[in-house]
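Please open the model in your viewer and keep the sequence panel beside it, since this tour moves from one selection to the next. At each stop, make the selection first and then read what is there.

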Amino acid sequence: MALDLIVRGGTLVTPHGPILADLGVEDGRIVSLALDVFAPAREEIDATGLHVFPGVVDAHVHLNEPGRTHWEGFDTGTRALAAGGATSFLDMPLNSSPPLLDARAFAEKRALGEAKSRLDFGLWGGLTPLNLTELDELAACGVIGFKAFMSHSGLDEFPAVDDVTLFEGMRAARRAGLVVATHAESDAFTRTLSQVAREQGRAGVRDYLASRPPVTEAEAVGRAICFAEETGAALHLVHLSTARGVTLAAEARARGVDVTAETCPHYLHWTGEDVERVGALLKCAPPIRDAGAREALWAALKAGRIDTVGSDHSPAPPELKTGEDFFAIWGGISGAQSTLNVLLDGGYWQRDVPLELVAAVASLNPARRFRLGSKGALRLGADADLALVRLDETFTLTELHDRHHGNPYRGQSFRGRVQATYLRGQRVFAQTPGGALFDESVRGQLLRPTKETA
Ligand SMILES: NC(=O)N[C@H]1NC(=O)NC1=O
Ligand SMILES: [Zn+2]
Ligand SMILES: [Zn+2]
């Protein structure tokens, strides 16, 4: 019987390291991994000279649909993701409007995703003081987990949790067997420091950065860990901007707390000086820090203490990314397209991060943490989600696929370029001499966490 697809002669980035082998696909799944796959196939790809990565599993994006599709949406957002080698993603409960706080909002977003997403997707539910009573129902719908903000989210319709809400939410999440993800910045610090700066008329880039000092993150991380330890809930700390936050997570894990740590490409790629130079396109929360903090994050990643790297792709229209008052500008970076570029250039090429570790933080670990059974690795039986990469090609990123192209990575030079992306054996993206090519017929499916295993 003929296979659907054979990827021949590539270097497969497996969890055990790179191996030169062929990969056979049948019904969207990987059915053979061998030095030579002999079976006939309907389609063959010559991957000689290419590395085959498992498709990136971006566990942290804001595609903002419904309600803020003019900021970003499933169509353009998944173009950017696919061009960056991603094959699945987990969408945050904000900045869609309404935010995903109940079963009705889940159904609406799910239908839009199934109609428009080019990639497989899971949906985060929100955990806010408004919807504590909805968590069981959201779990039944199939949310990936619950996302809470410990400081202002930027949108009043998605209020931050107070301590009791976070604690009670963790108890509910534990009962449902789901992860709680926290945006861990202390509201007390960020609120007071930004208020004082603005009252004094200090509203520049450096004033903003200084209004969210590292202790803001450390304190909130410590508090979230304390609640997770007490409730037994699984905690995922998103977008850690400091190695101190990562260390707090590692210490807690060592004493048995179920906690994982995410960082983002922007904390690995940029510094505060870049924010001063580039401006609003690099405004985010927590803020980008200095070069020393960046190196400490890379060291933590290399030591295996960072579990996942997610883009926190959160773009906004150009008019929200400009202005004299840096505090008033939308916080969020458009990064969905460049996660693998940052990990390969900054990690593999510049800092000797092994390829299997790149694949672990980008694909395997998020798939495991969020129980996406068929995702995350090149192994028999897994979905044939592939990113074909020419590892030694240096290129300048000029063609951006997010909605507004208000993208700080434009013009950045990277070594390691995605040539094509396959979702369950179907090509969704290809880099051609004439530019990017997207296959318009491929649609993603909803991902739900698989049953818990011991
Ligand atoms: N609402 C939203 O997307 N917020 C994100 N943006 C950012 O810079 N940090 C976040 O948490
Ligand atoms: Zn956040
Ligand atoms: Zn986010």
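Begin by selecting residues 56-61, strand S6, in this predicted model; six of its six residues are buried, so the strand is largely enclosed by the rest of the structure. Next add residues 86-91, strand S7, which runs parallel to S6 and is joined to it by four bridges. To see one of these pairings, pick Asp58 and look across to Phe89, its bridge partner in S7. Then show residues 74-83, helix H1, through which the chain crosses from S6 to S7 in a right-handed β-α-β crossover.

Stay with S6 and select His60, which is found in this strand. Is His60 buried or exposed? With 27 other C-beta atoms within 10 Å, His60 is buried, because the cut-off for that class is 20 or more.

From His60, extend the selection to His62, Lys147 and Asp312, since the UniProt annotation "binding site", from an unreviewed entry, covers these four residues. Although they are spread over 253 residues of sequence, they cluster in space, and the largest C-alpha distance among them is 12.8 Å.

Now select ligand 1 and display the residues around it, which include His62, Asn95, Ser153, His183, Cys284 and Ser314. His62 therefore deserves a label at this stop, as the residues around ligand 1 include it and the UniProt "binding site" annotation covers it too. Colouring the shell by class gives four nonpolar residues, eight polar residues and no charged ones.

For the next stop, turn to the open sheet of six strands, whose order is S9-S10-S11-S12-S13-S14 and whose pairing is parallel. Its edge strands, each of which pairs on one side only, are S9 at 125-126 and S14 at 308-309. Select residues 259-263, strand S13, to view its parallel pairing with S14 over two bridges, where Glu262 stands opposite Thr308.

Move on to residues 187-199, helix H5, which has 13 residues and reaches 18 Å from its first C-alpha to its last, close to the 18 Å expected at 1.5 Å a residue. Just beyond the helix, pick Gly201, which follows H5 and has a positive phi near 75 degrees.

Finally, widen the selection to residues 52-428, where UniProt places the feature "domain: Amidohydrolase-related", again from an unreviewed entry. The C-alpha atoms at the two ends of this span lie 15 Å apart, and the span is 39% helix and 18% strand.

Note on methods:
Residues numbered from 1 in each chain as written. Chains lettered and ligands numbered in written order. Predicted model: local features only at pLDDT ≥ 70, side-chain atom pairs only at ≥ 80, totals over all residues. Near = placed C-beta within 6 Å. Nonpolar A, V, L, I, M, F, W, Y, C, P; charged D, E, K, R; others polar. Expected span 1.5 Å × (residues − 1). UniProt positions renumbered as here; feature names shortened; annotations may be inferred. Buried ≥ 20, exposed ≤ 12 C-beta atoms within 10 Å, placed from the backbone. Pairing = 2+ DSSP bridges. Right-handed = clockwise from strand over helix to strand, strands pointing away.
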